[in-house]
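Me: I should like to learn how to read the features of a protein structure, one at a time. May we begin with a single pair of residues and work outwards?

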Amino acid sequence: MGRIAHGRPIANISPFDRSKAQGKIMLVIPGQKGKDVCDPNAGFSRREILRVGGSAMLGLSLGGLLQSEALAKAEGGKSGGPGWGKANSVIMIYLQGGPSHLDLWDPKIDVPDNVKSVFKPISTKLTGVQFMETLPKLAQVNDKMTLMRAVSYTPNGLFNHTAAIYQMMTGYTTDKVSASGQLEPPSPKDFPHFGSNIIDLRPPTEPMLPFVMMPRPLQESNVIGKGGTAGFLGRAYDPYTLYPPGGDMDMNKMDKINVDDLKLRPEVSSRRLAKRARLRELINKGMPDIEKAVAKYDLPAYYEKALSLILSGRARKAFDLKAESNSTREKYGKNTFGQSLLLARRLVEAGTRVVQVNWPKVANSDNHSWDHHKDLPKRMKTQSAPMLDAGLSSLIADLDERGMLDETLVICVGEFGRSPKRGVSTSGNGNSADGRDHWPYCYTGCIAGAGIKRGYVHGKSDSTGSAPVSGQIHPTELLATVYHAMGLDPRTIRYNHLNQPREMVKGDVVSKLFA
């Protein structure tokens with residue numbers, strides 16, 4: 001939806017879009033072969049269909065801008081139920097690497113020594129619910145969120161970081177998994193990241209960046225960005241990426257933010273801006289009847305609104321972290337992760353629809369990562385856990401104090417947890433006696449805001465944290481819940497690069513998460 005069709009049908013979302021897909025409203029743009037208004041390298045024929053209200057100018061879906069909140073109303077008749085359409089924006093905090101649930105927020109006490117955590121359990125704001133001593137600040141705000149203690153899936157074959165990340169971001173798995181469990185690099189054939197689907201079907205109503213990913217790409221070894229693109233939806237729905245210069249161990253990277261670092265792929269944004277005048281001229285001269293047909297959608301106003309993003313100071317102001325007090329910045333944590341979460345709040349406040357903060361370290365790496373195959377006690381205590389504790393607790397409290405949590409869905413999760421037994425191999429990797437391997441069968445994540453229950457624990461793991469006892473949530477169900485909260489039917493049909501219909505996700509909404 002909301003894009004040049006490129007010869008593919010578009011999912012039927014509303015009567016207006018349905019009429020477009022049936023050819024009732026269309027504009028033919030003449031051009032030379034290989035000089036399509038979207039991609040000069042695509043080699044399309046000299047006559048391509050541009051559906052009015054369907055071009056993604058500057059990465060903002062014009063069709064969606066015409067519809068804006070009407071989309072949620074149109075979908076509301078098909079879905080509904082607890083939590084439907086409560087979210088206005090989404091912040092995904094992605095703990096790539098796979099944190100150990102047993103050493104953070106699912107304590108197990110009476111267990112064998114090779115399962116028991118070296119950390120001690122502590123009380124939280126919820127009676128009878130304990131965290132580990134690694135999360136003292138988060139323990140004081142867990143009355144504002146839901147803890148999911150039985151996120152679980154059974155991998156198909158060896159399932160290392162990349163394959164697991166791809167599933168968590170898109171809701172789909174792929175057949176092309178290497179012997180190491182890694183995938184091929186990102187491809188235009190990939191399934192879309194959930195954020196790409198959201199901004200296509202429900203774009204921002206403000207002239208603001210629709211989807212931002214920071215402060216580094218999703219990555220395992222040399223496979224970079226898999227699961228983090230719009231895939232077959234087209235590059236116009238890729239996230240804007242903010243990856244400040246500096247290595248992963250540079251804790252001051254966010255101080256080097258330059259708005260110029262935030263950019264869509266050049267072949268999308270720069271050419272579209274350059275052809276702005278030409279497209280407007282073609283619309284005005286060639287299709288007066290179409291202008292009349294869409295007059296009630298106030299096309300010129302929405303068109304200018306989308307283009308005004310380039311001229312607006314809204315994004316620049318949002319990226320100015322120095323506008324925050326030093327005490328606020330200290331509270332979030334003066335490190336890449338903490339400042340990224342603070343920036344996520346500022347972006348959502350300014351109108352960004354989807355923000356994803358990836359843990360600022362390669363998934364399968366050592367210092368500061370969650371991939372604790374070795375040195376877990378030291379690295380968890382001094383590196384990863386303190387950053388998560390300060391950053392996430394501050395974000396939840398900050399959103400709540402500002403009244404933003406009611407309309408902002410916050411998810412914090414990794415691609416898997418860690419093995420209950422220390423020193424064993426579950427993924428083909430070597431592990432020291434104090435390390436834990438990958439464990440997708442049962443782990444913990446949290447979700448808050450936008451109608452999600454406060455002070456609730458959903459699901460339960462067994463005595464060793466090895467398997468769900470109740471309340472299991474598959475990654476596809478978690479994504480279905482995200483779509484639902486955004487007022488989108490998870491089963492909405494999208495068309496892939498082969499014109500084949502595909503559901504956004506084949507999962508059911510976990511309605512018990514909502515109040």
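Reply: We may begin with Ile93, whose bridge partner in β12 is Cys412. Please keep in mind that this is a predicted model.

Me: In what sense do β3 and β12 pair, and over how many bridges?

Reply: β3 and β12 are paired in the parallel sense, with six bridges. Strand β3 also runs parallel to β11, and five bridges join these two. One of the pairs there is Ile91 with Val355 in β11.

Me: What is the strand order of the sheet that holds them?

Reply: The sheet is open and has eight strands, in the order β10-β7-β11-β3-β12-β15-β6-β16. Its pairing is mixed. Strand β12 (residues 408-413), for example, runs antiparallel to β15 (residues 443-448), and three bridges join them. Within that pair, Ile411 stands opposite Ile447 in β15.

Me: Which strands stand at the edges?

Reply: They are β10 (240-241) and β16 (456-458). Each has a single partner strand, so one side of each lacks a neighbour in the sheet.

Me: Is β3 largely enclosed or left open by the rest of the structure?

Reply: To judge this, one asks how many residues of the strand are buried, that is, under 20% relative accessible area. In β3, six of the six residues are buried, so the strand is largely enclosed by the rest of the structure. Both of its faces are covered: Ser89, Ile91 and Ile93 lie buried on one side, and Val90, Met92 and Tyr94 on the other.

Me: Which helices lie against these strands?

Reply: Helix α4 (residues 161-170) lies across β3, β11, β12 and β15, and runs at about 170° to β3. Helix α13 (residues 376-401) also packs on the sheet, where it touches β3, β12 and β15. The direction of α13 makes about 165° with that of β12.

Me: How does one describe two helices that pack together?

Reply: Two packed helices are described by the angle between their axes and the distance between the axes. In this model, the axes of helix α12 (residues 336-350) and α13 come within 9 Å and cross at roughly 15°. Because the angle is under 35 degrees, α12 counts as roughly parallel to α13. The crossing of α12 past α13 is right-handed.

Me: Which residues of α12 and α13 meet?

Reply: From α12 they are Phe337, Leu341 and Arg345. These meet Met387, Leu388, Gly391, Leu392, Leu395, Asp398 and Leu399 in α13. A general rule helps in reading such lists: an α-helix has 3.6 residues a turn, so residues three or four places apart point the same way.

Me: How do α5 and α14 cross?

Reply: The axes of α5 and helix α14 (residues 475-485) come within 11 Å and cross at roughly 20°. That angle makes α5 roughly parallel to α14. Phe194, Asn197 and Ile198 of α5 make the contact with Leu479, Val482 and Tyr483 of α14. The crossing is right-handed.

Me: Why is α5 described as largely enclosed?

Reply: Eight of the eight residues of α5 (residues 194-201) are buried, so the helix is largely enclosed by the rest of the structure. Among them are Gly195, Ser196 and Asp200.

Me: What do the totals for the protein show?

Reply: The protein has 14 helices and 20 strands. Of its 515 residues, 59% are buried. Among contacts between residues at least 6 apart in sequence, 73% join residues at least 24 apart. The protein exposes about 19,300 Å², of which carbon and sulfur atoms supply 50%.

Note on methods. Residues are numbered from 1 along each chain as its sequence is written. This is a predicted model: local features need pLDDT of at least 70, side-chain atom pairs count only at pLDDT 80 or more; totals for chains, interfaces and linings use all residues. Side-chain values use heavy atoms; hydrogens and water are left out. Buried means under 20% relative accessible area, exposed over 50%, partly exposed in between (1.4 Å probe, protein chains only). Helices (H or I, at least four residues) and strands (E, at least two) are DSSP runs, numbered from the N terminus. Contact means heavy atoms within 4.5 Å. Accessible areas come from the Shrake-Rupley method with a 1.4 Å probe; for residues, only the protein chains shown count as cover. Two strands pair if DSSP finds at least two bridges between them. Axes are lines fitted to C-alpha atoms, for helices over the stretch in contact, and angles run from 0 to 180 degrees between N-to-C directions. Angles under 35 degrees count as roughly parallel, over 145 as roughly antiparallel, 65 to 115 as roughly perpendicular and the rest as oblique. A crossing is left-handed if the near helix is turned anticlockwise from the far one by less than a right angle, and right-handed if clockwise.
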